[in-house]
Amino acid sequence: MWRCGRRLPCFLRRLNGGRTVVLQEQLTLVPFLPWISAGPRAWRRTGTSACERARQHEVGEQIHGFTVSQYFLFIQVTAIPELSLTAVKLSHDSTGAEYLHLAREDTNNLFSVQFRTTPMDSTGVPHVLEHTVLCGSRKYPCRDPFFKMLNRSLSTFMNAFTASDYTLYPFSTQNPKDFQNLLSVYLDAAFFPCLRELDFWQEGWRLEHENPKDPQTPLTFKGVVFNEMKGVFTDNEKIFSQHLQNRLLPDHTYSVISGGHPLCIPDLTWEQLKQFHATHYHPSNARFFTYGNFPLEQHLKQIHEEALSKFEKIEPNTAVPAQKPWDKPREFHITCGPDSLAAGSSKQTTVGVSFLLPDITDTFEAFTLNLLSSLLISGPNSPFYKALIESGLGTDFSPDVGYNGYTREAYFSVGLQGIAEQDTHAVRDIIDRTIEEVIEKGFEEDRIEALLHKIEIQMKHQSVSFGLTLTSYIASCWNHDGDPVELLKLGSQVARFRQCLKENPQFLQEKVKQYFKNNPHKLTLSMTPDDKYPEKQAWMETEKLKQKVDSLSPKDKQQIYEKGLELQTQQSQPQDASCLPALKVSDIEPSVPLTELEVALAAGKTPVQYCAQPTNGVVYFRAFTSLHTLPEELRPYVPLFCSVLTKLGCGLLDYRRQAQQIELKTGGMAASPHVLPDAAHLDTYEQGVLFSSFCLDRNLPDMMHLWSEIFNSPCFEEEEHFRVLVKMSAQELSNGIPDSGHLYASVRATRTLTPTGDLQETFSGMDQVRLMKRIAEMTDIRPVLRKLPHIQEHVLHCDNMRCSMNATPQQMSLAEKAVEKFVRNVGQSKTERKPVRLNVVEKPAPSGSNGSTHVSGPQVIRKLITDPTFKPCQMKTHFLLPFPVNYMGECIRTAPYADPDHASLKILARLMTAKFLHTEIREKGGAYGGGARLSRDGVFTLYSYRDPRSTETLQSFSKAVDWAKAGRFTQQDIDEAKLSVFSVVDAPVAPSDRGLDHFLCGLSDEMKQVHREQLFAVSHEDLIDVSNKYLGIGKSAHGLALLGPENAKIAKDPSWIIK
Ligand SMILES: [Zn+2]
């Protein structure tokens, strides 16, 4: 995977629904990242803690070839209480490898190794290498051990990333044996990879006949990275970010594309790849990182014995020199493809102004500039939001807006996208003027406080992937020899920041003057679409291909043909993975851990679920209201209603003051539409809106008061601000398509299969993207704004509401009072409303009274909608989009969660992915990804992602079904699929999210246990049975959708609808 920029793909979360609740989306604005994880069972542990053990290490102590580091002036074993961890820093004696261990009471242990990889051309050598080292190593010579380990492990995360100047290999797991297994595979892959020529061909690039078996078909470029990067550069935001970095830092490695430019990748040779590995993937150029509660000694021993002891120290010479500062500003103009929804809008220009900042290893300066950047651009009260976003000139900020600390020197960038070309100068003037104003006026004290509050709450909020967050957080600074431990001491940085402000009230204004106003290292980059862009890219590729082909001798051609066949043969051979370590099915926990829940009625009517958890002084509140009375014609507007509800003002607060209060008192407040499938029936579901927020214990009354105001008197009057919000979310949706095209395809394909699928398409599919685009382009937006109060009448009251609170046991009685007050304040709706569909069924959630041991108190009744008249039918849709690759989804209606077939299908999906589709679609087909999955709503999906093929992939889907029906898999294959499924089922759940399945979907731990036992019991016969019963043509309704360029074959086929 190649990673540039830092934006989290929030649209992915939006489509996924379910577990990852919108809370995080709000938090991503602040770049300090640490959402903290305690791991699921961490707080129950007794005995010597991980931190205590870590603190016992001494400077100079020898452990397995490492010395507890003496190279640094500060103490090497450091307690960091604000993050509840202890840092131990070491260096390896004979190679100089650096090592950082962060001990913390978290069972989700993480390992990563990072190499400084600083390429000097755009052939993508570090990226191709990142892929190729995972294709087999000395001790594990089988093909693709990395993907195979996904099926032999209970890992909670496995991946690899190529950044601009480093390559990172992280994994995490909760199982100690698994940790050792994965560590062994990772070390061997990184330090002793086979790097076979055929691996390079498969993963990097190759010339091959369109049909490898037929030398008469034309030669084309193929290869996973080649196609991946073609896909990446269909995304205009990525084109902009890439140019921004290349142009602002032109002196060294940042002037090239580490992931590879599709036109340069074919210049890379196998020899160059091996050479790059020898010089960069060496312990002397490596940084090791471990995190969690497993003992450090065991890690050190294994790393020393299996890797480091086999090397001598070298001088890697990979350091990035300082960028020479410019003496005057520069300007560049670039072009990109037209908007992916091709609405012909004239406003598609982007302009950004960027400034070079100091070296990121100056941690306090970096911290200050990061804060300063948030003050300048985050939220409706920030000066650039007011000046740029509210100017109405564009749709949203330009890509990479704010502080970017992922290169040796950081940079700050600000600008607008979605503007008219002639407004470029106006935008630049606004930016200059805003900087002047900030220097003159400074910032309101409340905004600074709100930001420091945000850091405080983020330090306390616990996520389940804290190890991963930490390794990403320190990677860049450490990569340039900065001190990662200093970087983690957020508490002392906050204190020092306060001190600076106190001593000098002009502190921040002076920084703005120094780094923005008086900084000649300033780049203005503008980007306009060119309708011919896709054709030009295709033409350049054709030229490159022609040039390559023309230079081939007949002998070369013969070799290419033979190698193509050899690769195909190798890919089709049965694979022996027995050299790889593996867990067994018996290593999986037999039972679900129980979560104690208590249900009580607030104001005598509204059910509230209380879940006492070690939440670290944070309270998590959620409310769900059912939408079953909402008229059909209002439904498409529910996502918009949700996205603006907490942003338009309420009660006496206008939208600016409301934003201020939300930042000062909470960690975020959000609403989102949900479609919750029933566990027992495919045509039954609940639709509603989930409101979620969290705050520090001390702010609970304030947060609940804000919710009361939002429910009782939301403001739907600020037309101008509404327009701003609509444009931003339309832009975000449209920009998200290249990254989540397969999800959009799947949602679309499900539309005609279940009522849930139909509603999902309305809420979060291509229909929604297009609706938002239309609204954003309306000249008079008031008719849409006027719909919102109508939705409000159906949603914002307690009639069909249930609430949940996750907090510490000590906080529970206060939480109870606060929610009681909220429910009394909000009250019932004034008019009795009839459900729009008559077939509403009341379904009690499992509780103590009907056999659930972990839930006490009265029953929660959910109002579900059934649609017995729904007739599933087949539909094929092709969305024409100007991409060079395709995204496909084929969906099949199968069995609901409670049905034993559901468990079999879940295992089958994993089995088909690992044993068939991965080879067909990725290895042979050259797509970035592809596979099968079963979702909670009982829809079985076959998909491909960034796929150069289309109809051939559909054939692969049907071959996969034949393969499953024939039952050509072994017990070992089934066990591996089970491990892989359980690593997802048993993924750690944060204290904030425990009990959520019961609250939202009425799933009790007993029901999960039943499902768990069904998963364990799935047999070879069951898998063949469900393949026959559901997957074949004519067995069950299928839906198909494709997002991608014009396609002659599909255009000729009348069974496809083209949009
Ligand atoms: Zn990649």
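This is a chat about a zinc site, a helix and a sheet in a predicted model.

Student: Anything I should know before we start?
Tutor: The model is predicted, so local features need pLDDT of at least 70 and side-chain atom pairs count only at pLDDT 80 or more, while totals for chains, interfaces and linings use all residues. Residues are numbered from 1 along each chain as its sequence is written, and side-chain values use heavy atoms, with hydrogens and water left out.

Student: OK, which protein donors does the zinc ion have?
Tutor: His127 (NE2), His131 (NE2) and Glu228, which is listed twice through OE, at 2.1 to 2.7 Å from the zinc ion. Donors are N, O and S atoms within 2.8 Å of the metal (3.2 Å for Na, K and Ca); water is not among the atoms, so sites may look incomplete.

Student: Where do histidine 127 and glutamate 228 sit in the chain?
Tutor: Histidine 127 is in helix α4 (residues 125-132) and glutamate 228 is in helix α8 (residues 224-232), 101 residues apart, so the pair links distant parts of the chain. Helices (H or I, at least four residues) and strands (E, at least two) are DSSP runs, numbered from the N terminus.

Student: Are those two buried or exposed?
Tutor: Both histidine 127 and glutamate 228 are buried. Buried means under 20% relative accessible area, exposed over 50%, partly exposed in between (1.4 Å probe, protein chains only).

Student: New topic: what order do the strands of the open sheet come in?
Tutor: There are 6 strands, in the order β30-β31-β29-β32-β28-β33, with mixed pairing. Two strands pair if DSSP finds at least two bridges between them.

Student: And which ones stand at the edges?
Tutor: β30 (929-934) and β33 (1056-1058); each has a single partner strand, so one side of each has no neighbour in the sheet.

Student: How do β29 and β32 run?
Tutor: Antiparallel, with 6 bridges joining β29 (residues 886-893) to β32 (residues 1038-1044). In β32, histidine 1038 is the bridge partner of isoleucine 892.

Student: What does helix α32 touch there?
Tutor: Helix α32 (residues 951-966) packs on the sheet and touches β29, β31 (939-947), β32 and β33. Contact means heavy atoms within 4.5 Å.

Student: Last one: where's alanine 749?
Tutor: Alanine 749 lies in helix α25 (residues 719-750). At 2% relative accessibility, alanine 749 counts as buried. Leaving aside neighbours within four places in sequence, alanine 749 is in contact with Gly889, Cys891, Gly1039, Leu1040 and Ala1041.

Conventions. Axes fitted to C-alpha atoms, helices over the stretch in contact; angles between N-to-C directions.
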